[in-house]
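Reader: Hi, I'm new to this one and would like to walk through it with you. Can you put it up so we can both look?

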Amino acid sequence: HREASVARTRRTRGQTAQEIVATTAMRSALLLGAIAPSPEAVRVPARPRVGVAVVTFDRPRYLERCLANVAAQTYPAARTEVLVVDDTPGDAARRAVEARTGAPLACSRYVHLPRRASIGAKRQRAATELRDALGCDVIATWDDDDAYGADRLPRPGGPIAAGAAGA
């Protein structure tokens, strides 16, 4: 229902629903590091700084496992930033992980949202901060319940750095 309302609002600015979907998909793919517009337009170092956008809501055990999985990646930790966006009431998920592990949350930055947000809004917030505040060249989304092999982070960086990632 909300999407239809947004589409109607934007359509009044001269865009069709199809144009809105295409534009939104392209912007999301560019922002989240899924594609690069062209090698000339985006210069990415051979070893790009990779941002990991972790989104969570009230699942401390998943968050703990997720951060351990991110820490086990073979990509150099010095070239990796991990940002957690959490909208758990009172940041109970962060506190539960810290109480269980006896250590601060294993991330570069933790953002607690005061109100419940959509997964898209949380990803957008994470991607923006990783790009603008932490200087990441490539952004990988990583939900709290995702589990990947230790080579997940090097995979997207190679084609992007080589200018071979296409739309």
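Reader: Let me start with R49. Leaving aside its neighbours within four places in sequence, which residues is R49 in contact with?
Author: R49 is in contact with A78, R79, E81, L134, G135, C136, D137 and V138. Keep in mind as we go that this is a predicted model.

Reader: Ok, and where does R49 sit?
Author: R49 is in the loop between α2 (17-31) and β1.

Reader: Is R49 buried or exposed?
Author: R49 counts as buried, because its relative accessibility is 19% and the cut-off for buried is under 20%.

Reader: How far apart are R49 and G135, in sequence and in space?
Author: In sequence they are 86 residues apart, while their C-alpha atoms are 7.3 Å apart in space.

Reader: What about E81, where is that?
Author: E81 belongs to strand β2. With a relative accessible area of 13%, E81 is buried. The side chains of E81 and R49 are joined by a polar contact of 2.5 Å.

Reader: Which other residues does E81 touch?
Author: Not counting residues up to four places away in sequence, E81 touches V50, G51, V52, S108, L130, L134 and C136, as well as R49.

Reader: Let's zoom out to the sheet. What's the strand order?
Author: The order is β3-β2-β1-β4, in an open sheet of four strands with parallel pairing. At the edges stand β3 (109-112) and β4 (138-143); each has a single partner strand, so one side of each has no neighbour in the sheet. On average, neighbouring strands of this sheet are turned by 20 degrees against each other, direction ignored.

Reader: How do strands hold on to each other in a sheet, in general?
Author: They pair through backbone hydrogen bonds, either parallel or antiparallel.

Reader: And here, how many bridges join β1 to β2?
Author: Seven bridges join them, and the two strands run parallel. One bridge partner to look for is V82 in β2, which goes with V52.

Reader: How many bridges are there between β2 and β3?
Author: Four bridges, again with the strands paired in the parallel sense. L83, for instance, has R109 in β3 as its bridge partner.

Reader: What packs on the sheet?
Author: Helix α3 (residues 60-71) does, touching β1 (50-56), β2 and β4, and its direction makes about 170 degrees with that of β1. Helix α5 (residues 119-132) lies across β1, β2, β3 and β4, and runs at about 150 degrees to β1.

Reader: Back to β1, how many of its residues are buried?
Author: Seven of the seven, so β1 is largely enclosed by the rest of the structure. Both of its faces are covered, with V50, V52, V54 and T56 buried on one side and G51, A53 and V55 buried on the other.

Reader: Which residues touch the most other members in the largest nonpolar core?
Author: V52, V54, L63, L67, W142 and L153 do, in a core of 17 residues. At least two residues of this core come from each of β1, α3, β2, α4 and β4. The most come from α3, which gives four residues.

Reader: What is L63 in contact with?
Author: Leaving aside neighbours within four places in sequence, L63 is in contact with V54, T56, V84, A93, V97, L105 and D144. Apart from the largest core lies another core, of 13 residues, including V55, L83, A117 and L134.

Reader: New topic: which loop is D87 in?
Author: D87 lies in the loop between β2 (80-86) and α4 (92-101). D87 counts as buried, at 3% relative accessibility.

Reader: What does the side chain of D87 reach?
Author: It reaches the backbone nitrogen of A117 at 2.7 Å. The D87 side chain also makes a polar contact with the side chain of K122, at 3.0 Å. Beyond four places in sequence, the residues in contact with D87 include T56, F57, H112 and R115.

Reader: Last thing, how many disulfides does the structure hold?
Author: Zero. As for cysteines, C66 counts as buried at 0% relative accessibility, whereas C107 counts as partly exposed at 21%.

Terms used. Residues are numbered from 1 along each chain as its sequence is written. This is a predicted model: local features need pLDDT of at least 70, side-chain atom pairs count only at pLDDT 80 or more; totals for chains, interfaces and linings use all residues. Side-chain values use heavy atoms; hydrogens and water are left out. Buried means under 20% relative accessible area, exposed over 50%, partly exposed in between (1.4 Å probe, protein chains only). A polar contact is a pair of N or O atoms within 3.5 Å; within protein, one must be able to donate a hydrogen and the other to accept it, and residues adjacent in sequence count only if both atoms are side-chain atoms. Contact means heavy atoms within 4.5 Å. Two strands pair if DSSP finds at least two bridges between them. Axes are lines fitted to C-alpha atoms, for helices over the stretch in contact, and angles run from 0 to 180 degrees between N-to-C directions. A disulfide is a pair of cysteine sulfur atoms within 2.5 Å. A nonpolar core is a set of buried Ala, Val, Leu, Ile, Met, Phe, Trp, Tyr and Cys residues joined through side-chain atoms within 4.5 Å.
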